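Trainee: Could you take one part of this protein and walk me through it slowly? I'd like to see how the pieces around it fit together.

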Amino acid sequence: MTEPLLAVRGVKSFYGNIMALKGVAVDVHEGEIVTLIGANGAGKSTLMMTIFGNPRAREGRIVYQGRDITDLPTHEIARLRIAQSPEGRRIFPRMTVRENRQMGSEIDEGAHFEEDLAKVCALFPVLARRLDQRGGTLSGGEQQMLAIARALMAKPQLLALDEPSLGLAPILVKQIFQIITDLNNEGMTILLSEQNARSALKIAHQGIVMETGKIRFSDTARSLRENSVVQHAYLGVD
């Protein structure tokens, strides 16, 4: 087995005195989709944020491409070609679609912006028609696409997506998961946090079930789909 692109080892992180992650270990290998599933408060988003240094891991190590990034500032982590589309989209509502994408490209000071913009527009044609429209006037699904598009402007090797289907209509959820699959087919490594466990496990290579800051199961996505506990708790199978 090759060394993982991202390795999280025994990580503990806190909000004040409350331990949110309790010794978490995760491997993400190049070319994989690894999905985190679990209920609200399970620690999925906290793990995503801890990888990016906010909150900071108090114990354990986070290694990316063989480099320990545990104590690096967030902006330096981003320069290593790790990009995040956070939960809740968090686009800049008063900026246009073009300007939001420019913010994503600032990691390399906007070099090749127009070329990169054209590539991302091909993935999100609905946004290509709205480049001069303010982000806050887009629909929920379009804002989620913009959040992903902004992250892609940094040309990441690892893309972290936190709850990309949250609050979307089923037809838009299907579109978002197809986009994630297409990105992976083009070679992008993806760490995906999702409450929609059924859809996430369909497209993932590996799955991780989190409960109250710990990992309960870690296995191939196929094995988790066949796990009776996971089926009952997360997939709606009686």
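Mentor: Let's look at helix α6, residues 140-152, and helix α7, residues 170-185: in this predicted model, their axes come within 10 Å and cross at roughly 15°. An angle under 35 degrees counts as roughly parallel, so α6 is roughly parallel to α7. As for the handedness, α6 passes α7 in a right-handed crossing.

Now find the residues that touch. On the α6 side, look for G141, Q144, M145, I148 and L152. Their partners on α7 are L172, Q175, I176 and L183. Sort the contact by class and you get six nonpolar residues, three polar ones and no charged ones.

Next, see what else α6 meets. This helix lies across β6 and β7, and runs at about 170° to β6. Those two strands belong to an open sheet of six strands, and if you trace across it, the order goes β6-β7-β8-β3-β9-β10. The pairing in this sheet is mixed. Its edge strands are β6 (82-85) and β10 (214-220), each of which pairs on one side only. From one strand to the next, the twist averages 15°.

Zoom in on one pair inside that sheet. Strand β7, residues 158-162, and strand β8, residues 189-194, run parallel and are joined by five bridges. A handy place to start is L158, which stands opposite T189 in β8. Another helix packs on the sheet too: α1, residues 44-51, touches β3 (33-37), β6, β7, β8 and β9 (206-211). The direction of α1 makes about 145° with that of β8.

Then have a look at some other strands. Strand β1, residues 6-15, runs antiparallel to strand β4, residues 59-64, with five bridges joining them. Here A7 stands opposite V63 in β4. V63 also stands opposite D68 in β5, so keep an eye on that residue as you go. β4 pairs with strand β5, residues 67-68, in the antiparallel sense over two bridges. The two form a hairpin with two residues between them, and Q65 in the turn has a positive phi of about 55°.

Finally, zoom out. The protein's secondary structure comes to ten helices and ten strands. Its C-alpha atoms fill a box of roughly 45 × 40 × 35 Å along the principal axes. For 238 residues, a compact globule would have a radius of gyration near 18 Å, and the 17 Å of this protein agrees with that.

Definitions and conventions
Residues numbered from 1 in each chain as written. Predicted model: local features only at pLDDT ≥ 70, side-chain atom pairs only at ≥ 80, totals over all residues. Heavy atoms only, no water. Axes fitted to C-alpha atoms, helices over the stretch in contact; angles between N-to-C directions. Helix = DSSP H or I, 4+ residues; strand = E, 2+ residues; numbered from the N terminus. Parallel < 35°, antiparallel > 145°, perpendicular 65-115°, else oblique. Left-handed = near helix turned anticlockwise from the far one by under 90°. Contact = heavy atoms within 4.5 Å. Nonpolar A, V, L, I, M, F, W, Y, C, P; charged D, E, K, R; others polar. Pairing = 2+ DSSP bridges. Rg over C-alpha atoms; globule rule 2.2 N^0.38 Å.
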